[in-house]
Amino acid sequence: MGIRAKLLLPLLMVVAVFAAALELYIVPRSIETYFQQRSLLQEQQLKLLGITLEEALLKGNLAQVHMTLNVIQEQQPEWRTLTLVKQDGRRVYPVGAVSEPDAGPFLVDLSHEIIYLDQVLGTLRLVADLSEIVAEQQNQQRNLSWALILLLLIASGISAFMQDRLIRRPLNLLASAAGRVAMGVYQVHLPEASNDEVGQLIKAFGRMRDQRRHSETELHQQAFTDTMTGLPNRAHFNDYLDKALKHGIGAGEILALLFIDLDRFKVINDTLGHEIGDRLLIEAGRRISGCVRGNDLVARLGGDEFTIV
């Protein structure tokens with residue numbers, strides 16, 4: 001048996017096991033999970049419907065109740081039975097006889113009490129048949145499964161000729177590094193770069209990582225720093241104040257917040273020019289920063305407004 005067959009045979013066995021797992025376990029479990037999710041969605045929709053009907057029930061506006069339920073039921077073809085019964089047992093909706101749908105594996109029977117200020121206004125009962133929705137999802141799952149199996153077969157045939165440690169291992173390390181960089185972790189170990197195509201890829205990735213780290217640092221600096229004075233800007237101030245308040249409330253501490261406005265600053269701009277005004281703002285920021293402790297925050301909100309936390 002040649003090396004190609006030795007490499008291909010285990011991959012084909014994996015594909016066969018994967019196909020059996022898809023058909024016997026993964027697809028059924030996926031359908032079961034999908035049915036549970038759809039059932040939960042029906043329950044949530046029923047609760048929202050109850051909230052929608054509260055005002056009409058409180059006012060005794062049965063016409064509004066009927067109109068709302070008719071519209072909702074038309075929009076939900078899977079809803080086979082929808083009834084509304086008041087607290088005294090009198091059925092409000094529908095007016096005519098109610099026929100119960102045939103039992104089935106994907107039938108959902110839900111009830112929800114409409115409560116306002118501890119007063120039960122009525123009870124909604126919904127019977128939904130999710131058979132068509134689940135069947136459609138099941139067909140999509142099986143089509144996707146066969147497509148995946150076909151792709152795996154093709155990939156297995158190609159992989160049998162490309163199982164080379166000089167390519168696979170560097171790429172695996174590079175993929176791991178890419179995932180960490182995508183999460184903002186830039187201290188990653190890159191494979192040793194050779195002079196071949198894989199080595200060029202590793203070098204290019206390293207340059208991209210460094211450029212992205214530099215760009216993110218610059219963006220963060222620009223987003224939270226006032227470009228003129230170098231002080232934290234309004235966004236930084238708002239974020240810092242929010243965290244300080246939450247910490248102070250939790251720890252029972254007290255903080256001080258000061259707003260500083262430079263009087264007649266507009267006169268300086270108008271008479272001496274904006275360049276002098278900018279220099280004044282820079283100097284004001286420097287002097288205010290020199291009057292506070294190291295753990296205090298001095299920020300420029302904009303114009304001639306400063307804050308201290």
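**Packing around helix α8, the nonpolar core and the largest pocket**

The cover over the buried residues of helix α8 includes β5 (258-261), α7 (265-272), β6 (298-302) and β7 (305-308), where contact means heavy atoms within 4.5 Å and helices (H or I, at least four residues) and strands (E, at least two) are DSSP runs numbered from the N terminus. The model is predicted, so that local features need pLDDT of at least 70 and side-chain atom pairs count only at pLDDT 80 or more, whereas totals for chains, interfaces and linings use all residues. Residues are numbered from 1 along each chain as its sequence is written, and side-chain values use heavy atoms, with hydrogens and water left out.

In α8, the residues G277, L281, A284, G285 and I288 are buried, that is, under 20% relative accessible area, with exposed meaning over 50% (1.4 Å probe, protein chains only). Seen down the axis of α8, these buried residues fall within an arc of 95°, taken from the directions from the helix axis to the C-beta atoms, and so they line one face of the helix. The face turned away from this buried side carries the exposed residues E275, R279, R286 and R287.

The largest nonpolar core, a set of buried Ala, Val, Leu, Ile, Met, Phe, Trp, Tyr and Cys residues joined through side-chain atoms within 4.5 Å, has 26 residues, and those with the most contacts inside it are L53, L69, L82, L84 and L124. Its largest share, nine residues, comes from α1. Leaving aside neighbours within four places in sequence, L82 is in contact with residues including L46, L49, Y93 and L126.
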